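Trainee: Could you take me through the side-chain contacts in one part of this model, slowly and in order? I would like a close look at the aromatic pairs and the salt bridges of one chain.

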Amino acid sequence: MIHVFTLALCLAGFGLLLMAMGRHQQDWLRRKLPAATTRKMRRGGFALLALAFFACGSGLGWAYGTLAWCGWLTVSALAAVTANTNRERIQRLKAKP
Amino acid sequence: MKSTFRQSMAWLHTWTGLLPGWVLFVIFLFGTSAYYQQEISRWMRPEIATGAVTPRALDAADAVLRERGAGAGSWTLSLPDGRGGDAFTVSWAKPGDRRGDGAEVLLDSRTGAQVEPRDTRGGFFLYRMHFDLHYMPVMWARYLVSIAALAMLVAIVSGVVTHKKIFADFFMLRFGKGQRSWLDAHNVTAVLALPFLTMITYTGLVTLLFTLMPWAISASFPSQEAYYAAAFPTGPEASVTGDPAPMMPLKDLFARAAEARPGFRASFVTVNNPGDAGATLAIYPQVDAFGGPRGPVNISPVTGQLLAVPPIPGAATLTQSTMIDLHAGRFSGWELRALYFMSGVFGTVMVATGLVLWTVKRRARLPDPARPHFGFWLAERLNVGVIAGTPAGIAAYFLANRLLPLQLEHRADWEINWLFIVWGGLLAWGMARPARRAWIEGLASCAVLFALVPVVNALTTSRGLIASLVNGDTLFVVFDLTMLALAAVFAFASWRVLTRRAQPAPRRKSRESSEAFA
């Protein structure tokens, strides 16, 4: 359960970090978000990753939890990269009624 | 020297990555599979039941040793852990014989009945291959692996400097853009698994610590043996009194060990001079606890008296054993094991894409691409032979496990020979064919061989995919599905090379090409 929770937090974290980058805002939203919003998203993204670390460490023990957290970071970053690579496909899917 | 820091790092990254690159690919590929070595062994020894040793099996082992091992100089018991894959092995040797010279009986870890699994080294070979290689003296292999791992550590650090845009390009993976795509794939696999890659390389070097740094021992100890005796004491020596004395049941002796060390689970047991009043028994713990104890509990098998418990290791020894645990991940539950495996796949792909990138970058600059210079030709052909050949060899290893006759002499060796015959065959094939054809055919061979594994398994055992699904045999289902997935990946890769457009897409912006160091 801790694993699922950690993964969810990491996914949300990397999602925010992805959208906090100007070039990806341009790609996904066709516009750049205001600097203040971007900053909040970036801070929020890192905060979620940090929260995931504390959740994972307190749930699984700090040694074991740290390892698992690193692994879930990789998984969720890969998910963000995959989503970004398939952006056009995802947007086409969403455009259909 | 190169003019700027980043250029000199790029040069360093290129050569510390390329030269040991093929060895690193082999280390990563076999090392990654070794996270599932017990599971692979379970598949390769379908005759054996899975599970920790039961009291019933322990009694059976006790009976075998008392009956057939009477008068022996030593007894040994090797107990599989809960992940299975190995039989419960008991053996005995005459006085004066070395361990392994005597007779051996394999037992079912649950019932204690005698079993005769096929002769194979199973997943353990894949594990050993990742640092001992094969067909060469172990020490040579370890020096080679050590040098490759040192170069890897240099390549990781210099790579972070070289590919300075890895963080700006963190989420970028663009396909179908030639060199740019290879660079993206190399960067993404490296950065996403960077904590793992740094850890695994560093701790890998720590496992080979005294191969690389023998002076740490020779400065303070007369010999390596003296160091190991001091750092990892095996307990009091047995003495032969000549007075026969009956031994307590093994089951009770195990219970004594568990009293001395709560949570103790035995992995390996030696009894010296069984049947004599001066006999000693050493029980080693399972190694699947993170930073857990490694030394044995020593008990007198006659009186049941505790003779010695290993000392608490010092900080340096504890640090070393913790790092080795971190590397091998034996303590992992199934979730963390899957994460370890996935990170290992990232490392393998990172090395492979780095190697391919070296040739892709230089092919465009060749004066005559049809007749490249020798260095380029060799690198390109080694890429095909290693990146496509090694996985094909592993598939052949699994196939040989099912296809070789069970009575074959040196059967386990022949399984391994088949791994290298297929790998060597593809290496030679890659040298003989035009590069592009070699890639297509090499990758397609991998796909065919991996796809054959579940087919041959279904034909030669009663535990094919459908039967396993019906019986709820998760391990066999997952193994067969993994083979099919690997076949699909290699088939897709082969198809992509086959249908690839001749020219890469034009570069979009100068920004992208300017940092295409590799």
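Mentor: Happy to, and here is a walk through the ring pairs and then the salt bridges of chain B. Please keep in mind that this is a predicted model.

Let's start with the rings. Over all chains, the count comes to 32 aromatic pairs. One of them joins B:Trp358 and B:Phe376, a stacked pair with 6.4 Å from centre to centre and 25° between the planes. This pair links distant parts of the chain, since B:Trp358 sits in helix H14 (residues 334–363) of chain B and B:Phe376 in helix H15 (residues 374–403), 18 residues apart. B:Trp358 has a relative accessible area of 8%, so it is buried. B:Phe376 counts as buried too, because its relative accessibility is 0%.

Helix H15 of chain B also holds B:Phe374 and B:Trp377, which are 3 residues apart and therefore separated by about one helical turn. Their ring centres lie 5.9 Å apart with the planes at 25°, so this pair is stacked. As for cover, B:Phe374 is exposed because its relative accessible area is 57%, while B:Trp377 is partly exposed at 26%. Elsewhere, ring pairs tie B:Trp43, B:Phe125, B:Tyr397, B:Phe398 and B:Phe479 into a cluster.

Now for the charged side chains. The structure holds 18 salt bridges over all chains. Among them is the one between B:Glu39 and B:Arg83, at 2.7 Å from N to O. It links distant parts of the chain: B:Glu39 belongs to helix H3 (residues 37–44) of chain B, and B:Arg83 to the loop between strand E1 (74–78) and strand E2 (88–93), 44 residues away. Both B:Glu39 and B:Arg83 are buried.

B:Asp288 and B:Arg265 form another salt bridge, also given as 2.7 Å, N to O. B:Asp288 lies in the loop between strands E5 (280–285) and E6 (297–299) of chain B, and B:Arg265 in the loop between helix H12 (250–260) and strand E4 (266–272), so the bridge ties together parts 23 residues apart in sequence. B:Asp288 is partly exposed, with a relative accessible area of 22%, and B:Arg265 is partly exposed at 43%.

Within helix H17 (residues 435–460) of chain B, B:Arg437 and B:Glu441 are 4 residues apart, so about one helical turn separates them. Their side chains meet in a salt bridge of 3.6 Å, N to O. Here B:Arg437 is partly exposed at 33%, whereas B:Glu441 is buried at 17%.

Key. Residues are numbered from 1 along each chain as its sequence is written. Chains are lettered from A and ligands numbered from 1 in the order in which they are written. This is a predicted model: local features need pLDDT of at least 70, side-chain atom pairs count only at pLDDT 80 or more; totals for chains, interfaces and linings use all residues. Side-chain values use heavy atoms; hydrogens and water are left out. Rings of Phe, Tyr and Trp (its six-membered ring) pair if their centres lie within 6.5 Å; planes under 30 degrees apart count as stacked, over 60 as edge-to-face and the rest as tilted. Helices (H or I, at least four residues) and strands (E, at least two) are DSSP runs, numbered from the N terminus. Buried means under 20% relative accessible area, exposed over 50%, partly exposed in between (1.4 Å probe, protein chains only). A salt bridge is a side-chain nitrogen of Lys or Arg within 4 Å of a carboxyl oxygen of Asp or Glu.
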